[in-house]
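This report covers the surroundings of a bound ligand and then the cysteines. The structure is shown first.

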Amino acid sequence: MEIRIFDTPEEAGKAAADIIVETVVADPAAVLGLATGATPLPVYREMIRRYEKGDVTFSKTVTFNLDEYSSLPRKAESSYYTFMWSNLFSRIDIDGDNVHILDGCAPDKAAECARFDGMIDEAGGVDVQLLGIGTNGHIGFNEPADEFTGGTFEVKLSQSTRDSNIKYFADGNMPEYALTMGIGTIMKAKKILLMATGENKAKAIYAAVRGEVTPRCPASVLQNHPDAVFLLDKSAAKLLED
Ligand code: GLP
């Protein structure tokens with residue numbers, strides 16, 4: 001894996017956006033894997049800026065989002081569907097038919113997950129997958145576990161993930177389950193950009209980069225990916241000092 005350290009979250013976000021924009025300029029129909037959370041917001045702001053400047057068009061770009069809460073209507077304020085449309089899709093020229101976000105309300109969750117993986121394969125696979133990281137080392141919603149997960153699946157969220165994300169649910173009513181790309185799905189992406197900012201991610205980053213490859217720290221699997229780039233600000237990289 002390649003590690004790149006920046007002074008600020010904005011610079012790390014700009015570097016991730018540069019790679020995404022270059023990919024889309026080279027192939028306007030590129031397939032992007034996108035993430036939610038506070039971390040990728042500077043990436044999305046920069047993608048919007050570059051689109052407004054006329055550097056890039058996303059009109060043919062295809063996207064797949066990493067995850068979505070189970071049983072939360074798409075229109076809910078805290079859904080990842082709402083997050084993506086408010087923070088990125090409504091601000092660029094993407095074609096809504098090319099946007100793929102798991103439907104957490106699908107009656108048959110297993111069928112929804114299989115359909116999603118099938119669509120990624122049909123689209124030719126993800127060219128660039130953007131990831132954040134949880135304080136427990138999770139990627140997507142792949143929680144620390146005894147084994148690495150495979151395809152997209154429904155997961156029970158850990159207490160630590162619930163504690164970190166409850167702030168996004170004004171009524172305190174946070175779903176206990178989510179649908180997420182599995183580690184197997186994520187690892188199939190041709191290039192992976194993991195972004196982490198802030199000191200609260202430093203331990204997870206240290207474990208992912210310097211620790212053993214173990215499903216107890218799901219992000220550590222990226223040590224085995226042929227083209228994974230970690231874009232970190234100084235605080236998240238704090239424990240990687242040499
Ligand atoms: C959630 C998302 C992850 C994200 C993580 C960290 O659990 N499922 O994809 O990486 O939050 O979020 P933040 O960037 O807000 O710290």
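In this predicted model, a backbone N or O atom of Gly 140 lies 3.2 Å from a nitrogen atom of the ligand. Backbone atoms of Ala 38 and Ile 133 also come within reach of the ligand, in each case facing an oxygen atom. The table sets out these backbone contacts.

| Residue | Protein atom | Ligand atom | Distance |
|---|---|---|---|
| Ala 38 | backbone N or O | oxygen | 2.8 Å |
| Gly 140 | backbone N or O | nitrogen | 3.2 Å |
| Ile 133 | backbone N or O | oxygen | 3.3 Å |

How much of the ligand does the protein bury? Taken alone, the ligand exposes 390 Å², and 92% of that is buried by the protein. The ligand sits in the largest pocket.

The ligand has 14 residues around it. Those that come nearest are Ala 38, Thr 39, Asp 67, His 138 and Lys 201. Ala 38 thus belongs to this nearest group and also places a backbone N or O atom 2.8 Å from a ligand oxygen. Sorted by class, the shell holds six nonpolar residues, six polar residues and two charged residues.

The cysteines are a separate matter. How many disulfides does the structure hold? The number is zero. For Cys 105, the closest cysteine sulfur is that of Cys 113, at 13 Å, and the two are not bonded because this is too far for a bond. A disulfide would need the sulfur atoms within 2.5 Å. Seen from the other side, Cys 113 is in no disulfide, and its nearest cysteine sulfur is that of Cys 105, 13 Å away.

Are these two residues buried or exposed? Cys 105 has a relative accessible area of 36%, so it counts as partly exposed. Cys 113 counts as buried because its relative accessibility is 2%, and the cut-off for buried is under 20%.

Terms used: Residues are numbered from 1 along each chain as its sequence is written. This is a predicted model: local features need pLDDT of at least 70, side-chain atom pairs count only at pLDDT 80 or more; totals for chains, interfaces and linings use all residues. Side-chain values use heavy atoms; hydrogens and water are left out. A residue is near a molecule or strand if one of its heavy atoms lies within 4 Å of it. A polar contact is a pair of N or O atoms within 3.5 Å; within protein, one must be able to donate a hydrogen and the other to accept it, and residues adjacent in sequence count only if both atoms are side-chain atoms. Accessible areas come from the Shrake-Rupley method with a 1.4 Å probe; for residues, only the protein chains shown count as cover. On a 1 Å grid over the protein atoms alone, a cavity is a set of points where a 1.4 Å probe fits but cannot get out, and a pocket is an open set with protein on both sides within 12 Å along at least five of seven lines; lining residues have an atom within 4 Å of a point. A molecule sits in a cavity or pocket if more than half of its atoms lie within 2 Å of its grid points. Ala, Val, Leu, Ile, Met, Phe, Trp, Tyr, Cys and Pro count as nonpolar, Asp, Glu, Lys and Arg as charged, and the others, Gly among them, as polar. Buried means under 20% relative accessible area, exposed over 50%, partly exposed in between (1.4 Å probe, protein chains only).
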